[in-house]
Amino acid sequence: MPKVHNFSAGPGILPQEAIDQSIAALQNFSGTNLSLIEVSHRGKEFEAIMEEARNTVRELFNVPESYSVLFLQGGASMQFCMVPYNLLDEGETAAYVNTGVWAKKAIKEAKLFGNIEILASSEDKNFSYIPKGWNIPSNAKYLHITSNNTIYGTQYQEFPDSPIPVVCDMSSDIFSRPIDINKFDMIYAGAQKNMGPAGVTLVIIKNELLGKVKRSIPSMLNYQTHIDGESMYNTPPVFPIYVSLQTLKWVKSMGGCVAMEKRNSEKAALLYGEIDRNSMFQGTAATEDRSKMNVTFVLKDDSLTDEFMALCKSNNLSGLKGHRSVGGFRASIYNALPKESVQALVDTMQQFEKSKTGVNA
Ligand SMILES: Cc1ncc(COP(=O)(O)O)c(C=O)c1O
């Protein structure tokens, strides 16, 4: 079988080591001679996995004891409602920055619970940039931002110093770079881009945020339930958690988030360099806000899009079709994607340019 270069936006590429270890655990989990997915989550073997997963998250992001680390279900989309359910009382205000479809969905849910102030939006230019220069109202309960906008290929290059708690949707760039955890009061991420398979959502939350709203919260939607139950209030998604742990261990073995940032910066520089050099292509995101996870670009002559896609396919490049709201192409270059895959894409872009213009890169 030829190697397929996987640029899928999500579920996205995972380290081969994590996949191999997960296959092994499906056959014989921790020496039990039973499959990981057919033993009790309350057995000592799986409890050890949960503990190690929590600790590895803490290590990778230097998470202090004043925060809880949770593995929940419902995807990042469930967090869109759990955040305001737990943090925003009726009549109170929360501040949101609208940087795309996912931010909008978060805003839509939050409006069910309190007043929502949109501090800034990049909708005027189809979310192709990160709005700047907005002020954070000190009377709002929290600020919600989306660190990386998967569809549009934009990413915050730095995070605000905020007088109010910051809640961040990090679904598509979690563990891709070091962060200063003190700048965040809550981080959440659906696993299926940089952390593991779909089915588990990571939540890192400062304990002091909780217990302040007056409303009653259903148990499953209450962060405190999951803190008290150590993410085992009900049956946790054992397989996604196991694969996530293997991925986190891989990140650690590669040198942690500092090494990931270096690796991702090199890949991004290679690909953006070619987009800017190649006479046939152009990037769609504002240069200063370009994402190191999702690289969006189009052909200047849109009528050639299908032809380029066909060339990509014949060169074993997969998952490059852009989101329908942006068009063109999107190369997701998550942590696990090797630089050689980016090189294969760059080679294909040069091959295409040569076939159309005769120009050698
Ligand atoms: C930034 C961002 N937030 C939220 C989501 C939704 O995640 P989920 O499918 O886990 O609900 C996605 C999915 O692509 C995303 O990219």
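Which residues of β9 are buried on one side, and which on the other? This tour of a predicted model begins with that strand.

**First selection: strand β9**

Please select residues 186-190, which form strand β9. On one side lie Met186, Tyr188 and Gly190, on the other Ile187 and Ala189, and all of these are buried, so that both faces are covered. In a regular strand, the side chains alternate between the two faces of the sheet. Because five of the five residues of β9 are buried, the strand is largely enclosed by the rest of the structure.

**Second selection: the partners of β9**

Next, add strand β8, residues 166-169. Strands β8 and β9 run parallel and are joined by three bridges. To see one pairing, display Cys168, whose bridge partner in β9 is Ile187.

Then add strand β10, residues 201-206. Here five bridges make the connection to β9, and the two strands run antiparallel. Ala189 is found opposite Leu202 of β10.

**Third selection: the nonpolar core**

Keep Ala189 and Leu202 displayed and add Ile204: within the largest nonpolar core, which has 88 residues, these three touch the most other members. Helix α6, residues 238-253, may be selected next, as a contributor of seven residues, the most given to this core. Domain 1 (16-253) and domain 2 (255-357) both supply residues to the core, and therefore it lies between them.

For a closer view, centre on Leu202. Leaving aside residues up to four places away in sequence, Leu202 touches Val57, Phe71, Ile174, Tyr188, Ala189, Ala191 and Met195. Another core, of five residues, lies apart from the largest one; Phe127, Tyr152, Ala285 and Val326 are among its members.

**Fourth selection: the ligand**

Now select the ligand and the residues that surround it: Gly10, Gly75, Ala76, Ser77, Trp102, Thr146, Thr150, Asp169, Ser171, Ser172 and Gly190. Gly190 will be recognised from β9, where it is buried. How many residues of this shell are nonpolar, polar and charged? Two are nonpolar, eight are polar and one is charged. The largest share of the shell, three residues, is provided by helix α3, residues 75-87.

**Last selection: Met220**

Finally, move to Met220, in the loop between β10 and α5 (223-228). Met220 counts as partly exposed because it has 14 C-beta neighbours inside 10 Å. Display Tyr233 as well: it is 13 residues from Met220 along the chain, and their C-alpha atoms are 8.2 Å apart.

Note on methods. Residues numbered from 1 in each chain as written. Predicted model: local features only at pLDDT ≥ 70, side-chain atom pairs only at ≥ 80, totals over all residues. Near = placed C-beta within 6 Å. Helix = DSSP H or I, 4+ residues; strand = E, 2+ residues; numbered from the N terminus. Nonpolar A, V, L, I, M, F, W, Y, C, P; charged D, E, K, R; others polar. Buried ≥ 20, exposed ≤ 12 C-beta atoms within 10 Å, placed from the backbone. Pairing = 2+ DSSP bridges. Core = buried A, V, L, I, M, F, W, Y, C linked by C-beta atoms within 7 Å. Domains from an automatic or database assignment. Contact = placed C-beta atoms within 7 Å.
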